[in-house]
Amino acid sequence: MLREARLVAGHQAQRCDIQSVCIAESISPVPPERCAQLLLTTGGDWPRDEAGARQVIRALAASGVAAVVLSTTPHLPSFPPSSIREAQASALPLLEISGDIAFYRLAHDVHAHLVHKRIDLMQRCDEINRTLTITALSANSLDDLAQALGLCLGRTVRFLSADGTAMGTYLTAGYAPAPAMHRGAYLQYLQDHRVIERMNAEMAPVIVERCDAGDAPRRLVSAMRIGGDIAGFAMIDENATPIGPTEIRAIEHASLIGALHLSHARALHLQEERLGYSMVAALLEGKFVETPAALERARMSGWDAQAPYRICLMLLGEPLPLSREGFSRREQWVERLRRYLDDIGQPPLIVVSLNQIRFLLSPGVAPASLWRQLGHRTSALAVSREHVGIDGMAKGGEDVQSLLPSLKPGKIHYFEQIMFPRALLGDANARALFIDSQLGPLLADKRQKPLLETLRALCEEGFQWAATARRLNVHISTVHYRVERIEAMLGVDFDTQSSRFEVQVAMAMLGLTEDS
């Protein structure tokens, strides 16, 4: 029946939502505030003076009335012009309808329409929720959930982690993505505009207006919560069709399923980490028990007993004991490290303790590249020598632990670069590690004593082959043969001055150690 009404004001808001109908013969006092209410009146006491006619419109708009329908009578055949002008300025729709149409029939028709609309909404939401629930049973990632929700709504859908990293995205056909914002830029935008504060206060999805800085469209954003803390965000982009109740209910269900997915993934990660952490910790601390079962578990975790590795230690700029925020930042750093290692095809052999993160890197991975991607001005990175096997991992663990006192925030430190100067400065621990780094294979095997004595004589004779042969009372070819074996065992080349110098210093330090 409202189709027979004539819209005389508020054309810009004529598509407003109506949730209920109120019949009032008198508009004084103004009906109590009720959101999106359609007011039906005969205007029996509608003010005729201009000031009063304007004031009643302002009061109705402030009360939450969605629109006013006037049943025309000889007493009030139309709204006063001043009321029409004020309603147009206030974006309050005013409609005039013939007095021959009974209000009870009009109210019945509007309520019947609202009931059918709500039933349709509930059925539509049930279909979407059912689709999301079925998807969740087989989803491997939040990309699957984003695609299911995006196809249901015909809209672009995104899932972001708490630090702003994309976890799942569905782009509608023909969508032209804007230039990507920095990972934390949109999150900072939400913070600056108090969106997260509103979500925490209202515990409901929030409309976020367009972000011109990153060319992000108007969005509906809902928080994914685990244990009361925000673990991520679900987002639906607005397109030509405004966001409505269907999108609000859908994103509420999607954010709940997304939170359950993240919680399950965290539980799996925690279980994997406990197994992986204990294995890596045992290797680095020299506590690994070499049993067939332990070796198989290590192999399944991605560790190769025959491959060389560098041990890295990231010292985070977090005071001890870790605060709740510090613990969260440490977990975020571990997650970024896992993603980095996964992207380069390397297993995440990681162990975490307090404000330290230790992990294994294959020789093909440059620590400097990792540091450029993940480093921070408050953190420092220590890198060991290359080591192989169970004993080698323990030595690598000793390498990085020995560097801890020398670490400076914002920098990467290599064992080879730090130990030699510290050993020269008289650090006893550094001296022992430096001797081991240069002469370890010879010292570890007592059967190599002739080679060690040959190297000692060679260093004392200034790497003169003939003088060394005379001192050892052997043929010069024997010296050449032994030197080749020494170079192979130590991984050095005595044709280079730096190798000769460091080995000479190591032999001199070994002599001092033996004398003391």
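**Group meeting: loops, domains and helix packing in a predicted model**

Let me begin with Phe463, which sits in the loop that runs between helix 14 (449-460) and helix 15 (465-472). What I would like you to look at there is the backbone, since phi of Phe463 is near 60°, a positive value in a residue that is not glycine. Please keep in mind throughout that this is a predicted model. As background, most residues other than glycine have a negative phi, and most peptide bonds are trans.

That brings me to a second backbone feature, at Pro321, where the peptide bond coming from Leu320 is cis, with omega near -5°. Pro321, too, is placed in a loop, in this case the one between strand 11 (308-315) and helix 9 (324-343).

Now to the domains. The domain assignment divides the protein into domain 1 (2-101), domain 2 (134-267), domain 3 (286-417) and domain 4 (428-515), and I will take up the pair formed by domain 2 and domain 3. Their centres, taken over C-alpha atoms, are separated by 33 Å, and the contact between them involves four residues of domain 2 and four residues of domain 3. The size of an interface is often given as the accessible area lost when the parts come together. For domain 2 and domain 3 the buried area is about 320 Å², with carbon and sulfur atoms giving 32% of it.

How many salt bridges are counted between domain 2 and domain 3? The count is one. Elsewhere in my notes on charged pairs I have Asp229 and Arg324, whose side chains meet in a salt bridge at 2.4 Å, N to O.

Over the model the count comes to 24 salt bridges, and another of them joins Glu247 to Arg155, with the closest N and O atoms 3.1 Å apart. Because Glu247 belongs to helix 7 (residues 245-284) while Arg155 is in the loop between helix 4 (142-153) and strand 6 (157-161), this pair ties together parts that are 92 residues apart in sequence.

Finally, let me turn to helix 13 and two of its partners. The axes of helix 11 (residues 389-403) and helix 13 (residues 428-444) come within 11 Å and cross at roughly 145°, and the crossing is left-handed. Helix 11 contributes Lys395, Glu398, Asp399 and Ser402 to the contact, and helix 13 contributes Asn429, Leu433 and Asp436. Sorted by character, the residues of this contact are one nonpolar, two polar and four charged.

With helix 16 (residues 476-490), the axis of helix 13 comes within 9 Å and crosses at roughly 115°, and here the crossing is right-handed. Gln438, Leu439, Pro441 and Leu442 of helix 13 meet Ile486, Met489 and Leu490 of helix 16. What is the make-up of this contact in nonpolar, polar and charged residues? Six of its residues are nonpolar, one is polar, and none is charged.

Note on methods
Residues are numbered from 1 along each chain as its sequence is written. This is a predicted model: local features need pLDDT of at least 70, side-chain atom pairs count only at pLDDT 80 or more; totals for chains, interfaces and linings use all residues. Side-chain values use heavy atoms; hydrogens and water are left out. Axes are lines fitted to C-alpha atoms, for helices over the stretch in contact, and angles run from 0 to 180 degrees between N-to-C directions. Helices (H or I, at least four residues) and strands (E, at least two) are DSSP runs, numbered from the N terminus. A crossing is left-handed if the near helix is turned anticlockwise from the far one by less than a right angle, and right-handed if clockwise. Contact means heavy atoms within 4.5 Å. Ala, Val, Leu, Ile, Met, Phe, Trp, Tyr, Cys and Pro count as nonpolar, Asp, Glu, Lys and Arg as charged, and the others, Gly among them, as polar. Domain bounds come from an automatic or database domain assignment. Buried area is the accessible area (1.4 Å probe) that two parts lose on being put together, summed over both. A salt bridge is a side-chain nitrogen of Lys or Arg within 4 Å of a carboxyl oxygen of Asp or Glu.
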